[in-house]
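The following exercises are to be worked through with the sequence and the structure at hand. Each task is followed by a solution in steps.

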Amino acid sequence: MTDGLSTLYQDLVSGSYDCVDRIVLNAYFRMGHDPGGFRVWWRALTGSDQTLENAYLMRMAGRFSRRIRGYAKAHDIPLIGCSAGQRKHDLAEEYLAKTKLTQGLFLVLVGRAQAPVWDVSAKHHIERKKPMPTSTTIRFTFSTPTGAI
């Protein structure tokens, strides 16, 4: 039997989960791993290559970060910066034990990891930055009612 979260997001999320008390949402954006895929995604998002430039990409990333932080603050959801190698699963267990929330987003973990970062030069030419820099990773952790899955 499919639960409510899986039913609601079935068109957007693939995979399954079997943890009885929490779900961690990790995203992998396959189109973002090569210049052609990134350009196709950008055109679908904005309608053209007109705004495809580094400054616009950095503004977009900044807005996304501020919105996540604002949402977490407005809803009293802890947002914690994590270092490399830190056991995020253990941290989530610690916070799950403290929260009164029985269902929904209860923790946001922010870290850094190596990831492809695109450099857009004149005439919207896209090239991967070298060496591959670290970029921000965001891990959303949701609690589910025990036994709901």
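**Exercise 1.** In this predicted model, determine where His124 is found and whether His124 counts as buried, partly exposed or exposed.

*Solution.* Step 1: His124 is located in the loop between S4 and S5. Step 2: the cut-offs are under 20% relative accessible area for buried and over 50% for exposed, with partly exposed in between. Step 3: the relative accessibility of His124 is 24%, and this residue therefore counts as partly exposed. Step 4: the backbone of His124 also deserves attention, since this residue, which is not a glycine, has a positive phi near 65°.

**Exercise 2.** Identify the residue whose side chain reaches the backbone oxygen of His124, and describe its surroundings.

*Solution.* Step 1: the side chain in question belongs to Arg39, at a distance of 2.6 Å from that backbone oxygen. Step 2: Arg39 is part of helix H2. Step 3: when neighbours within four places in sequence are set aside, the contacts of Arg39 are Asp49, Leu52, His124, His125 and Ile126. Step 4: one of these, Asp49, is situated in the loop between H2 and H3. Step 5: with a relative accessible area of 15%, which is under 20%, Asp49 is buried. Step 6: with the neighbours within four places again left out, Asp49 is in contact with Arg39, Trp42, Arg43 and His124.

**Exercise 3.** Describe helix H2 from its start to the residue just after it, and list its buried residues.

*Solution.* Step 1: at the start of H2, a side-chain oxygen of Asp34 comes to within 3.2 Å of the backbone nitrogen of Gly36. Step 2: H2 comprises twelve residues and spans 16 Å from its first C-alpha to its last, close to the 16 Å expected at 1.5 Å a residue. Step 3: Gly47, just after H2, has a positive phi of about 95°. Step 4: Gly37, Phe38, Arg39 and Trp42 are the buried residues of H2. Step 5: their cover includes H3, strand S4 (118-121) and strand S5 (125-128).

**Exercise 4.** How are H2 and H3 oriented to each other: roughly parallel or roughly perpendicular? Which residues form their contact?

*Solution.* Step 1: helix H2 (residues 35-46) and helix H3 (residues 54-74) pack with their axes 14 Å apart and at an angle of about 70°. Step 2: angles of 65 to 115 degrees count as roughly perpendicular. Step 3: the two helices H2 and H3 are therefore roughly perpendicular to each other. Step 4: on the side of H2, the contact involves Phe38, Trp42 and Leu45, which meet Tyr56, Leu57 and Met60 in H3. Step 5: by class, this contact has six nonpolar residues, no polar ones and no charged ones. Step 6: a general rule helps in reading such a list: an α-helix has 3.6 residues a turn, so residues three or four places apart point the same way.

**Exercise 5.** Compare the positions and exposure of Asp76 and Pro78.

*Solution.* Step 1: Asp76 is found in the loop between H3 and S2, and Pro78 lies in the loop between H3 and strand S2 (79-81). Step 2: Asp76 has a relative accessibility of 71% and counts as exposed, whereas Pro78, at 28%, counts as partly exposed. Step 3: Asp76 has a positive phi of about 55°, although it is not a glycine. Step 4: Pro78 and Phe106 are separated by 28 residues in sequence and by 7.1 Å in space, C-alpha to C-alpha.

Conventions. Residues are numbered from 1 along each chain as its sequence is written. This is a predicted model: local features need pLDDT of at least 70, side-chain atom pairs count only at pLDDT 80 or more; totals for chains, interfaces and linings use all residues. Side-chain values use heavy atoms; hydrogens and water are left out. Axes are lines fitted to C-alpha atoms, for helices over the stretch in contact, and angles run from 0 to 180 degrees between N-to-C directions. Helices (H or I, at least four residues) and strands (E, at least two) are DSSP runs, numbered from the N terminus. Angles under 35 degrees count as roughly parallel, over 145 as roughly antiparallel, 65 to 115 as roughly perpendicular and the rest as oblique. Contact means heavy atoms within 4.5 Å. Ala, Val, Leu, Ile, Met, Phe, Trp, Tyr, Cys and Pro count as nonpolar, Asp, Glu, Lys and Arg as charged, and the others, Gly among them, as polar. The expected span of a helix is 1.5 Å times one less than its number of residues. Buried means under 20% relative accessible area, exposed over 50%, partly exposed in between (1.4 Å probe, protein chains only). A polar contact is a pair of N or O atoms within 3.5 Å; within protein, one must be able to donate a hydrogen and the other to accept it, and residues adjacent in sequence count only if both atoms are side-chain atoms.
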